[in-house]
Protein chains: 2
Amino acid sequence: MRRRDVAPPTRARRLWACGGSCGLEPGTWSWARSQRLPALPLRALSTGPPPEEEPEVSVLAAMLPRRPLAWPAWLFRGAPGAAGSWGRPVGPLASRGCCSAPGNPEVPLTRERYPVRRLPFSTVSKQDLAAFERIVPGGVVTDPEALQAPNVDWLRTLRGCSKVLLRPRTSEEVSHILRHCHERNLAVNPQGGNTGMVGGSVPVFDEIILSTARMNRVLSFHSVSGILVCQAGCILEELSRYVEERDFIMPLDLGAKGSCHIGGNVATNAGGLRFLRYGSLHGTVLGLEVVLADGTVLDCLTSLRKDNTGYDLKQLFIGSEGTLGIITAVSILCPPKPRAVNVAFLGCPGFAEVLQTFSTCKGMLGEILSAFEFMDAVCMQLVRRHLHLASPVQESPFYVLIETSGSNAGHDAEKLGRFLEHALGSGLVIDGTMATDQRKVKMLWALRERITEALSRDGYVYKYDLSLPVERLYDIVTDLRARLGPHAKHVVGYGHLGDGNLHLNVTAEAFSPSLLGALEPHVYEWTAGQQGSVSAEHGVGFRKRNVLGYSKPPEALQLMQQLKALLDPKGILNPYKTLPSQA
Amino acid sequence: MRRRDVAPPTRARRLWACGGSCGLEPGTWSWARSQRLPALPLRALSTGPPPEEEPEVSVLAAMLPRRPLAWPAWLFRGAPGAAGSWGRPVGPLASRGCCSAPGNPEVPLTRERYPVRRLPFSTVSKQDLAAFERIVPGGVVTDPEALQAPNVDWLRTLRGCSKVLLRPRTSEEVSHILRHCHERNLAVNPQGGNTGMVGGSVPVFDEIILSTARMNRVLSFHSVSGILVCQAGCILEELSRYVEERDFIMPLDLGAKGSCHIGGNVATNAGGLRFLRYGSLHGTVLGLEVVLADGTVLDCLTSLRKDNTGYDLKQLFIGSEGTLGIITAVSILCPPKPRAVNVAFLGCPGFAEVLQTFSTCKGMLGEILSAFEFMDAVCMQLVRRHLHLASPVQESPFYVLIETSGSNAGHDAEKLGRFLEHALGSGLVIDGTMATDQRKVKMLWALRERITEALSRDGYVYKYDLSLPVERLYDIVTDLRARLGPHAKHVVGYGHLGDGNLHLNVTAEAFSPSLLGALEPHVYEWTAGQQGSVSAEHGVGFRKRNVLGYSKPPEALQLMQQLKALLDPKGILNPYKTLPSQA
């Protein structure tokens with residue numbers, strides 16, 4: 001039902017807060033026409049998985065199916081006992097969600113599936129292992145079973161055959177390792193949390209895996225400036241907890257936070273959920289310590305907001321995916337922890353309304369807007385089907401998640417209330433719910449953050465991560481649905497609308513060269529036609545290295561190759577990644 | 001008088017807005033103990049320069065000199081007729097303020113004052129001039145008189161002897177010029193607004209000056225995303241005006257805005273007055289077009305917020321001062337124009353209180369804080385003496401300028417009011433004034449922005465631009481006053497406290513090698529001892545190239561030299577700048 005048919009709202013309609021006595025749980029908000037509509041019955045969220053049927057509609061919409069929907073209830077239908085179905089899964093990949101059930105067939109070797117040839121690196125000898133054992137006593141892993149997981153990427157479509165994994169604790173150890181590998185012409189695959197989407201973090205052949213997992217110490221934190229200095233292997237979620245206890249937050253947040261390492265985040269220039277507010281890591285990372293290919297330690301680990309003493313070398317390593325050097329420590333500026341966080345989850349009748357909601361929201365929420373995410377109806381269906389998360393709002397063609405973060409709860413609520421009133425009154429939004437309580441905020445975020453996981457459970461996933469002009473963002477999804485027809489299981493679009501970043505995903509029962517042929521290079525050509533980017537935030541890794549030319553001119557690719565040759569003349573750092581394979 | 005002796009404020013004291021009827025001018029705010037203090041008489045700002053005496057104290061402080069200062073009047077003492085004395089000076093250097101009166105002695109040639117040897121570049125021949133005339137018809141300047149100004153830096157302490165200035169209009173022309181210069185081994189000095197502080201924008205010998213002045217077209221502006229694409233020679237203030245008419249602002253602002261070019265801003269990684277809020281150009285610049293030393297045009301001029309397709313090459317050129325390539329076009333993200341801007345100008349009793357005011361302010365103003373600047377009492381005396389700008393508040397050891405920018409005037413005023421009430425009540429602040437009206441906001445900003453100009457009129461200036469841990473920021477000023485005694489005319493400290501950025505300036509009647517010897521390397525060693533930066537935002541240019549080692553390790557300096565050799569193997573781009581002179 002389109003809200004456009006309904007009379008515009010009047011000032012008599014008010015946003016009201018619920019402290020618990022009204023029947024809604026504390027921390028949720030609800031819209032109602034004050035004094036005019038009777039109190040609405042609440043339906044508790046079922047604690048088990050919902051039946052396999054169409055998503056439920058919101059309570060008021062269900063109650064009044066044939067009347068104009070004057071004031072849909074903004075009901076948060078979460079219940080305390082529902083944490084199991086909303087929360088994170090438990091297990092080794094819990095923090096990102098496990099993408100494959102036990103008993104899945106083994107992932108094919110990358111070298112067998114893809115046309116790639118091993119470069120003439122040395123192979124690891126017994127003498128090398130002995131040298132590594134001297135450098136990192138107790139940190140040399142050669143047990144084939146222990147090497148299975150780090151050889152396979154998170155999407156389980158790439159597999160290397162590395163026979164040794166090293167676990168240094170310090171940058172000096174990394175330096176000694178690289179000096180040895182450089183002398184011996186041994187290839188090295190740096191690995192953080194191994195949560196990447198483009199195969200940048202797993203070996204292609206037998207590269208030595210250099211894990212940052214044991215480099216997980218916070219080195220300093222300045223309680224006035226919020227500047228955190230830590231080793232590269234610190235897990236993002238743990239850093240978040242650390243700085244939040246000190247009234248700051250990390251400037252980035254992403255679905256993989258429970259596993260990913262800050263060093264990997266910086267090496268891949270991770271974007272994520274706070275990008276809209278706090279910007280790129282090129283702005284928030286203040287300093288890096290990097291070990292170069294020959295073992296040289298490059299200490300640019302300053303904790304200064306401004307430093308114009310020569311070229312800003314650290315920038316070279318942000319987003320270079322471990323191909324120019326291995327990041328061993330990071331200095332990063334953390335914003336103050338907002339005193340109030342609100343999340344609104346809204347249903348929109350069309351993509352035009354999503355865009356209009358974004359424009360309106362930017363104007364009305366201004367400096368407190370901290371995220372503007374969107375997902376289409378198919379995403380919601382998959383999240384429901386595979387993860388048993390029910391939509392908290394009426395079924396809609398599109399959903400939007402808006403987060404505000406500010407220093408004054410009252411002011412923020414007032415701004416958000418006015419915006420929501422406007423969005424509802426003008427028909428931009430059909431239905432919605434809002435949460436201020438931290439647990440419920442997380443539940444709403446889970447709907448958006450766990451789409452990746454739901455897709456992985458839907459079958460083989462063809463993933464595209466595009467930057468596009470915002471007004472054309474969804475056209476490629478519609479285009480592909482028509483193009484692929486029944487050959488695809490699902491074609492979905494979601495992502496960081498505020499950043500012009502679309503996650504375009506196509507699922508199928510299994511990998512199929514013909515489906516791939518229908519997708520590529522079409523998707524890349526379409527993106528290039530819009531002056532978009534074929535990799536917005538996921539990076540290049542192994543998967544995207546031969547499509548850079550769709551977004552970068554030959555002069556840029558040539559300069560990248562020259563930089564690689566300058567910094568890693570033997571090419572031992574993360575080979576077969578990031579740069580196009582050379583003829 | 002320290003406010004700490006006074007009882008803490010109660011809620012009965014309120015901040016009230018003045019719409020004009022209260023006797024204050026519209027757009028100003030005033031504190032008063034509501035219903036308890038009588039209305040205060042107002043003193044209009046005199047339209048001429050103030051008499052040469054101690055700065056005036058605020059009205060209430062003058063009325064009640066012997067009583068505890070319970071509620072000083074927050075009076076803005078500006079008057080409409082005062083624009084001449086507060087506003088910008090008129091003339092060729094108006095936008096930054098002219099630092100030398102007519103009749104000043106000629107600036108000595110750099111090559112005569114400093115130990116620097118010309119590198120073996122070719123000299124410009126008649127054939128070269130003819131070739132340039134073919135490339136940029138009508139854009140070849142060889143008139144000695146017209147070449148005087150572009151050969152001298154803004155501080156008038158460096159002078160080159162270039163005999164030709166080129167004024168291309170397009171990147172293609174720049175490309176043809178550089179291709180010719182590269183082939184002929186001719187050195188090139190890129191020049192924007194020539195407002196730099198470190199001699200990066202003027203030739204040292206006879207380098208060809210390549211001016212971006214005629215590359216001043218806006219190429220596109222996206223009204224939803226706020227992404228501006230323009231040529232490098234656009235003047236910052238003109239871009240500000242352009243985007244403000246479209247409800248956005250530039251993410252940077254600086255005193256030199258009336259002259260400086262956006263290309264120069266990016267090339268020098270300018271910081272400035274909005275850095276605290278909108279961060280570094282490394283985050284806000286989305287794309288660049290750069291012409292490399294051999295004339296290759298590197299087109300990285302994307303307008304995407306996210307683009308992880310390979311190494312982020314544009315970062316190399318941000319802050320490299322034209323030594324790696326010449327920036328010809330810029331794509332930059334402009335934040336939405338705030339609907340409300342408030343500026344408070346406060347007097348603090350000591351530097352400890354300045355720091356405490358900053359911490360308090362960050363917590364209480366949160367996301368609306370857009371600038372936190374400070375200046376010491378001597379700065380205010382010089383601004384008054386040389387520019388005839390009177391202090392709007394009671395004489396204080398330190399002054400703080402706080403700017404808020406937000407989307408809701410009422411909310412912002414409430415936040416700022418609470419903060420000011422707290423700051424005053426707890427003795428952090430002695431006296432203050434506040435403005436919301438744009439003209440008065442500019443007047444308050446002029447006090448801070450025009451310090452550089454006042455210093456230039458005070459004599460020869462030894463300038464240092466340091467990043468330091470905020471708690472040690474002022475120690476070096478105190479240290480130097482004791483160290484230099486009467487050998488210095490004035491030692492002042494001011495700057496961007498919110499960014500940990502101190503502008504330390506020492507004035508003397510004339511340049512003196514002995515005073516220089518007392519300052520250097522002491523200032524640099526002291527800074528290095530604090531792990532600070534010897535150039536926070538001004539860059540390196542000609543002046544600072546041999547002190548980089550105080551802030552960067554040898555491995556970093558070596559990599560910088562390697563990058564220079566890679567991108568400009570003949571070293572023709574802005575020679576004698578940025579990198580240490582090689583033995």
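How many of the 583 residues in chain A are buried? I started my notebook there, and the answer is 63%. A reminder to myself before going on: this is a predicted model.

**Entry 1: chain A overall**

I counted secondary structure next and got 20 helices and 18 strands in chain A. Then I looked at contacts in chain A with a separation of 6 or more, and residues 24 or more positions apart account for 76% of them.

**Entry 2: how the two chains relate**

I laid chain B on chain A and got an RMSD of 0.0 Å, using a turn of 180° and a shift of 0.0 Å along the axis. The two copies are thus related as by a two-fold rotation axis. Looking along chain B for the C-alpha nearest that axis, I landed on Gly283(B), at 2.1 Å. Both copies use the same surface, since 100% of the contact residues of chain B recur in chain A.

Which ring does the charged end of Lys306(A) sit over? It is the ring of Phe275(B), with the charged end 5.0 Å from the ring centre. I checked the reverse direction too: the charged end of Lys306(B) sits over the ring of Phe275(A), again 5.0 Å from its centre.

**Entry 3: the nonpolar core**

I went to the largest nonpolar core, which holds 88 residues. The members that touch the most others are Ile262(A), Phe317(A), Ile262(B) and Phe317(B). I followed up Ile262(A), ignoring residues up to four places away in sequence, and found among its contacts Cys230(A), Leu236(A), Met250(A), Val330(A) and Ile332(A).

In chain B I picked Ile332(B), found in strand E11, residues 326–333. Is Ile332(B) buried or exposed? Ile332(B) is buried, with a relative accessible area of 0%. Beyond its neighbours within four places in sequence, Ile332(B) has contacts including Ile227(B), Met250(B), Ile262(B), Leu281(B) and Val285(B). I also noted the C-alpha separation between Ile332(B) and Val266(B): 9.9 Å, for residues 66 apart along the chain.

**Entry 4: strands, two ways**

Strand E5 of chain A, residues 188–191, is covered on both faces. Val188(A) and Pro190(A) are buried on one side, and Asn189(A) and Gln191(A) are buried on the other. E5(A) pairs in the parallel sense with strand E6 of chain A, residues 208–211, over 4 bridges. Opposite Asn189(A) in E6(A) I found Ile209(A).

Strand E10 of chain B, residues 297–300, gave me an alternating pattern. Leu298(B) and Cys300(B) point to one face and are buried, while Val297(B) and Asp299(B) point to the other and are not. E10(B) pairs with strand E9 of chain B, residues 285–291, in the antiparallel sense over 4 bridges, and Leu298(B) is the bridge partner of Val290(B). The two strands form a hairpin with 5 residues between them, and Gly295(B) in the turn has a positive phi of about 95°.

**Entry 5: aromatic rings**

My search of the whole structure returned 34 aromatic pairs over all chains. I looked closely at Phe374(A) and Tyr474(A): their ring centres are 6.2 Å apart and their planes are at 80°, so the pair is edge-to-face. The pair links distant parts of the chain, 100 residues apart, with Phe374(A) in strand E13 and Tyr474(A) in the loop between strand E16 and helix H17. Both residues are buried. Ring pairs join them with Phe351(A) and Phe398(A) into a cluster.

**Entry 6: around helix H19**

In helix H19 of chain B, residues 522–529, I listed His522(B), Val523(B), Tyr524(B), Trp526(B) and Thr527(B) as buried. The buried residues of H19(B) pack against strand E16, helix H17, strand E18 and helix H18 of chain B. After H19(B) comes Gln531(B), with a positive phi near 55°.

I also looked at the loop between H18 and H19, where Pro521(A) lies in chain A and Pro521(B) in chain B. The peptide bond from Glu520(A) to Pro521(A) is cis, with omega near 5°; the bond from Glu520(B) to Pro521(B) is cis as well, with omega near 10°.

**Entry 7: positive phi outside glycine**

His388(A) has phi near 60° and lies in the loop between helix H13 and strand E14 of chain A. Its relative accessible area is 31%, so I noted His388(A) as partly exposed. Asn574(A) has phi near 45° and lies in the segment after helix H20 of chain A. At 2% relative accessibility, Asn574(A) counts as buried.

Terms used: Residues are numbered from 1 along each chain as its sequence is written. Chains are lettered from A and ligands numbered from 1 in the order in which they are written. This is a predicted model: local features need pLDDT of at least 70, side-chain atom pairs count only at pLDDT 80 or more; totals for chains, interfaces and linings use all residues. Side-chain values use heavy atoms; hydrogens and water are left out. Copies are superposed by least squares on the C-alpha atoms of residues with pLDDT of at least 70 in both. Contact means heavy atoms within 4.5 Å. Buried means under 20% relative accessible area, exposed over 50%, partly exposed in between (1.4 Å probe, protein chains only). Two strands pair if DSSP finds at least two bridges between them. Rings of Phe, Tyr and Trp (its six-membered ring) pair if their centres lie within 6.5 Å; planes under 30 degrees apart count as stacked, over 60 as edge-to-face and the rest as tilted. A charge sits over a ring if NZ of Lys or CZ of Arg is within 6 Å of the ring centre and within 35 degrees of the ring normal. A nonpolar core is a set of buried Ala, Val, Leu, Ile, Met, Phe, Trp, Tyr and Cys residues joined through side-chain atoms within 4.5 Å.
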